[in-house]
Amino acid sequence: MERLYKVSEVARMLNVSTVAVRKWIKAGRVKARRIGKLWMIPESELRRFLGEKPKETRAVIYARVSSHKQKKDGNLERQTERLRQYCSAKGYKVIDVVTDVASGLKEDRSGLQKLFKMVESKEVDVVVVEFRDRLTRFGFDYLKRFFESHGVRVEVVEESEKDYMEELIEDLVSIIISFAARIYGKRSQKFKKIKKFVEEVVSNDN
């Protein structure tokens with residue numbers, strides 16, 4: 001949210017009287033918002049009045065699909081293009097497009113790790129994703145708070161994804177296979193049987 005300044009604060013910054021600031025507001029030289037009994041001046045308006053260029057919003061697009069099949073079908077490219085259009089409409093400067101082809105449950109995604117580094121080094125102002133689960137299947141609010149703690153906001157273009165069943169099934173399969181590997185070991189016959197069975201069930205269901 002944009003910072004708002006009181007008339008007295010603006011007067012101190014500009015080394016003028018509050019009367020002068022109120023006259024500017026009345027004359028329309030400075031645009032202010034009436035909040036209760038107070039006139040509040042947005043930071044962007046103060047910058048404009050001082051002749052400063054508005055700060056450019058640096059955006060990073062993050063897009064993800066769960067499988068190489070989805071990428072091959074063009075889902076990742078279309079997702080990225082929709083996000084570019086969104087940023088263009090918002091007037092954001094897209095400084096990077098970060099993508100992953102991996103499950104939303106996977107925490108060590110290369111693209112996600114790159115995004116973390118950009119956020120921590122304050123290279124970006126806003127991270128734009130199409131849906132919440134593009135960033136992560138679970139724990140979205142924790143990631144959002146982490147980004148915000150570094151002064152970066154997260155913008156979600158759409159609140160809910162209509163067609164997510166295929167990816168959800170793939171994520172569940174990933175969980176089952178991962179747990180089976182931990183319990184029995186990847187080289188064990190038991191693990192191989194479970195993996196084959198799960199993959200056959202999913203394949204037959206499709």
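**Figure 1. Helices H1 and H2 meet at a right-handed crossing.** In this predicted model, the axes of H1 and H2 come within 8 Å and cross at roughly 110°. H1 and H2 are therefore roughly perpendicular to each other, since angles of 65 to 115 degrees fall in that class. To find the contact in the view, look on the H1 side for Val-7, Ser-8, Val-10, Ala-11 and Leu-14. Their partners on H2 are Thr-18, Val-21, Arg-22, Trp-24 and Ile-25. Trp-24 returns in Figure 4, where its ring pairs with that of Phe-49.

**Figure 2. The buried residues of H1 line one face of the helix.** H1 spans residues 7–14, and its buried residues are Val-7, Val-10 and Ala-11. Seen down the helix axis, these residues fall within an arc of 100°, so they share one face of H1. A reminder about helix geometry helps here: with 3.6 residues a turn, residues three or four places apart in an α-helix point the same way. What do the buried residues of H1 pack against? Their partners are two strands, E1 (4–6) and E3 (38–42), and two helices, H2 (18–27) and H3 (43–49). Val-7, Val-10 and Ala-11 also take part in the H1–H2 contact of Figure 1.

**Figure 3. Asn-15 follows H1 with a positive phi.** Asn-15 sits in the loop between H1 and H2. Its phi is near 60°, a positive value in a residue other than glycine. Is Asn-15 buried or exposed? With a relative accessibility of 71%, Asn-15 counts as exposed, because the cut-off for that class is over 50%.

**Figure 4. The rings of Trp-24 and Phe-49 form a tilted pair.** The structure holds four aromatic pairs, and this view shows one of them. The ring centres of Trp-24 and Phe-49 are 5.0 Å apart and the planes stand at 40°, so the pair is classed as tilted. Trp-24 belongs to helix H2 and Phe-49 to helix H3, so the pair ties together parts that are 25 residues apart in sequence. How accessible are the two partners? Trp-24 has a relative accessibility of 17% and counts as buried. Phe-49, at 23%, counts as partly exposed. The cut-off for buried is under 20%, which is why the two residues are labelled as they are.

**Figure 5. Phe-116, Phe-146 and Phe-147 form one aromatic cluster.** Within this cluster, the view centres on the pair made by Phe-146 and Phe-147. Their rings are 5.7 Å apart, centre to centre, with 50° between the planes, and the pair is tilted. Phe-146 is partly exposed, at 26% relative accessibility. Phe-147, in contrast, is buried, with a relative accessibility of 0%.

**Figure 6. Helices H6 and H8 cross with left-handed geometry.** The axes of H6 and H8 come within 9 Å, and the crossing angle is roughly 35°. Which residues make the contact? H6 contributes Leu-115, Phe-116, Val-119 and Glu-120, while H8 contributes Leu-143, Phe-146 and Phe-147. The cluster of Figure 5 can be picked out again here, as Phe-116, Phe-146 and Phe-147 are its members. Another residue of H8 (residues 140–149) to look for is Glu-148. Glu-148 counts as partly exposed, at 42% relative accessibility. Glu-148 and Asp-125 are 23 residues apart in sequence, with 9.7 Å between their C-alpha atoms.

**Figure 7. Lys-122 has a positive phi although it is not a glycine.** Where is Lys-122 found? Lys-122 belongs to the loop between helix H6 (110–120) and strand E6 (126–129). The phi of Lys-122 is about 60°. With a relative accessible area of 49%, Lys-122 is partly exposed, because the exposed class needs over 50%.

**Figure 8. The whole chain holds ten helices and seven strands.** This last view sets the close-ups in context. The chain has 206 residues, and buried residues make up 35% of them. Among contacts with a separation of 6 or more, 65% join residues 24 or more positions apart. The Trp-24 and Phe-49 pair of Figure 4, with its partners 25 residues apart in sequence, ties H2 to H3.

Key
Residues are numbered from 1 along each chain as its sequence is written. This is a predicted model: local features need pLDDT of at least 70, side-chain atom pairs count only at pLDDT 80 or more; totals for chains, interfaces and linings use all residues. Side-chain values use heavy atoms; hydrogens and water are left out. Buried means under 20% relative accessible area, exposed over 50%, partly exposed in between (1.4 Å probe, protein chains only). The arc is that of the directions from the helix axis to the C-beta atoms. Contact means heavy atoms within 4.5 Å. Rings of Phe, Tyr and Trp (its six-membered ring) pair if their centres lie within 6.5 Å; planes under 30 degrees apart count as stacked, over 60 as edge-to-face and the rest as tilted. Axes are lines fitted to C-alpha atoms, for helices over the stretch in contact, and angles run from 0 to 180 degrees between N-to-C directions. Angles under 35 degrees count as roughly parallel, over 145 as roughly antiparallel, 65 to 115 as roughly perpendicular and the rest as oblique. A crossing is left-handed if the near helix is turned anticlockwise from the far one by less than a right angle, and right-handed if clockwise.
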